[in-house]
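Visitor: Could you walk me through this model, one question at a time?
Guide: With pleasure; have a look first.

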Amino acid sequence: MSRTRSVASSVLGINRRTVLAATGAAAVSAGVGYALRPTESQAATTAETRVVAQSRKAPAAPLAPYTKGTTLAAVAAPRTSTGYRRLGEGPGWKRVVRGELAAAKSGRAARRTALAAFVQLTDLHLIDSQHPMRLEYLRSTDRHAWRPHEALTVQGAVSLVERVNALRGAPVTGSPLHFAMTTGDNTDNNARTELDWFLTIMSGGRITPGSGDPRHYEGVQNSGLTQYWQPDSTVRDADKQAGFPHLAGFLAAATREVRSPGLNLPWYSTVGNHDAMPLGCYGHGDSWLAEYAVGGRKLMALPAADAKKLQNAIKGGKDPQGKAFRDMLKAHTRSMRAVTPDERRAPYTPADYLTAHLDPAHRGLGPVGHGYSSANLAAGTQYYAFRISDDVVGISLDTTDPGGHYEGSIGTAQLKWLDKQLRDNKDGHVIVFSHHTSKTMSNTGHADPARPTERRHNGQEVVALLGSHRNVLAWVNGHIHRNDITPHAAPDGRSFWEISTASHVDFPQLARIIEVVDNKDGTVSLFTTLVESAAPHRTDFADLSQTGLAALYRELSFNAPGASTTLGGDPADRNTELVLKKG
């Protein structure tokens, strides 16, 4: 290495370890034991060249913590106390040190060395709000089954990308942010429209967040039905009676073209149940439902008794293939309304999902495939491992169950593969990513149609496997739409943290920065810091611009009838330092 490069690297805090991470280096395994070809990690070349070029400029300022734009600095909070509550800027959340797995030793701040820093985005739930397959009518029995802000998911997600792009370093170490990982439910209804929007938001480009007739919205929000917020109408619907505003022009603005800058980081993708299956719970294969998804009829209202029956069937996992759902739709054909057919609403298969990620049009800053590879496509798998840095490997699991239902599990082949990855990387640290949490991997009764004889394994079996290896630092996931951090300790002292992060569709709409540091005292710390989107905390009902709608997206989600008020978690689940013994 030249003297110019080494001096600049020491000033920037960038060595080979951080260059590997910052460039989204090549994956180490593609879920079938293959290394990726060099052509599938070309993003590293461009990004490393950019780092080297920067190093030849005047010496940069030393790394320093960067908390601007994080929830350490400020958090959206209500500024009115009754009715529809307006948001404003509230005080930030303090950091909590958690020592359940190891004692935090004094002086560690002066000794620590940064190993990795990355962003977790989860449960974006990008929603094609005009899609015929949506279950809005369950609101007749469950107020939160339909959310008044669902037409604004694209604007909200773009604003989150803008927030990540505005961060100038990690909140604790000041280290460069090396990559972003989405931990599933990137889409909401397994629709091609939603998948295209997700990939464009992440990699950059223009999106028209609507389907059907491009001239006007065709969905529940201009149906005249009073069980839904009718923003453009003066109809006194149930939400307006609770204080929701009348916003003339809202639906035209919500379906207007949006531009995403794309992440200025390499990004990886993990699959969730809403990505893998229609409605996040029905297995593929019913041709009638596939035709209904792209067709010209949409059910917008359902009697409460029928809605409750359908909801119970979904929650109980009693209808994994959607037969009862199909029969219910057929029984209510006369109640359906005409909408414009649209082939873009078709459900996509796992192979379609992989192919779309591998498409050069969605490359962004890479890596090609965003973790997935042609080996995944050939083998029909959606799990892989990738190199984060010299010292850290990431492993992305597929915890969805193709046999149906929204809870998760994994097959024997994937469990054995995971064990091999942990053994092969025993001299470094490992961070595991998935969509489901350990407690929500309880769906073992439905066989994978592609592997009907393979046993399915639950979350406790995964916890036991991870706990049997000393190199696992964390299991990072989503699905529950709530911040929740759980310590896992084995009897022999092996331990890791399970970090579950809230969604970006339900308030408080957060993402999480995770920093890994070696404290040089026999312990490692994981720092977790939550971030909101870049949208202003205060809204202006007259501002229907892309930014104004992103701010409204947050405020509407706060006021959504029936929404949980505990998804932000306790202070110990938010901004934290998680200490554990070095393996």
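Visitor: Which residues of H13 do Arg192, Leu195, Phe198 and Leu199 in H6 meet?
Guide: This is a predicted model, where local features need pLDDT of at least 70, side-chain atom pairs count only at pLDDT 80 or more, and totals for chains, interfaces and linings use all residues. Residues are numbered from 1 along each chain as its sequence is written, and side-chain values use heavy atoms, with hydrogens and water left out. Contact here means heavy atoms within 4.5 Å, and helices (H or I, at least four residues) and strands (E, at least two) are DSSP runs numbered from the N terminus. On the H13 side, the residues met are Asp352, Tyr353, Ala356 and His357.

Visitor: How are H6 and H13 oriented to each other?
Guide: Axes are lines fitted to C-alpha atoms, for helices over the stretch in contact, and angles run from 0 to 180 degrees between N-to-C directions. H6 and H13 (residues 350–358) pack at about 30°, their axes 11 Å apart. Angles under 35 degrees count as roughly parallel, over 145 as roughly antiparallel, 65 to 115 as roughly perpendicular and the rest as oblique, so H6 and H13 are roughly parallel.

Visitor: Is the crossing of H15 and H16 left-handed or right-handed?
Guide: H15 (residues 412–424) packs on H16 (residues 459–467) at about 20°, with 10 Å between the axes; the pair is therefore roughly parallel. Leu415, Leu418, Asp419 and Leu422 of H15 make the contact with Val462, Leu465 and Leu466 of H16. A crossing is left-handed if the near helix is turned anticlockwise from the far one by less than a right angle, and right-handed if clockwise. For H15 passing H16, the crossing is right-handed.

Visitor: Why are Phe325, Met328 and Leu329 on the same side of H12?
Guide: These three residues of H12 (residues 323–331) are buried, meaning under 20% relative accessible area, with exposed being over 50% and partly exposed in between (1.4 Å probe, protein chains only). Lys323 and Ala331, on the other side of H12, are exposed, while the cover over the buried residues includes H10 (287–294) and H11 (304–315). The arc is that of the directions from the helix axis to the C-beta atoms. Phe325, Met328 and Leu329 lie on the same side because they cover an arc of only 100°.

Visitor: In what order do the seven strands of the open sheet come?
Guide: Strands pair if DSSP finds at least two bridges between them, and the pairing in this sheet is mixed. Its edges are S4 (96–98) and S9 (267–270), each of which pairs on one side only. Neighbouring strands are turned by 20° against each other on average, direction ignored. The order is S4-S22-S21-S20-S5-S6-S9.

Visitor: What is the bridge partner of Ala116 in S20?
Guide: S5 (residues 113–121) and S20 (residues 511–518) pair in the antiparallel sense, over seven bridges. Within S20, the partner of Ala116 is Val516.

Visitor: Which residue takes a positive phi in the hairpin of S18 and S19?
Guide: S18 (residues 484–489) and S19 (residues 495–500) run antiparallel, joined by six bridges, and Asp484 stands opposite Ser500. The hairpin has five residues between the strands. With a phi near 95°, the residue is Gly493.

Visitor: How much of the protein chain is buried?
Guide: The chain holds 17 helices and 22 strands. Among its 583 residues, the buried share is 60%.
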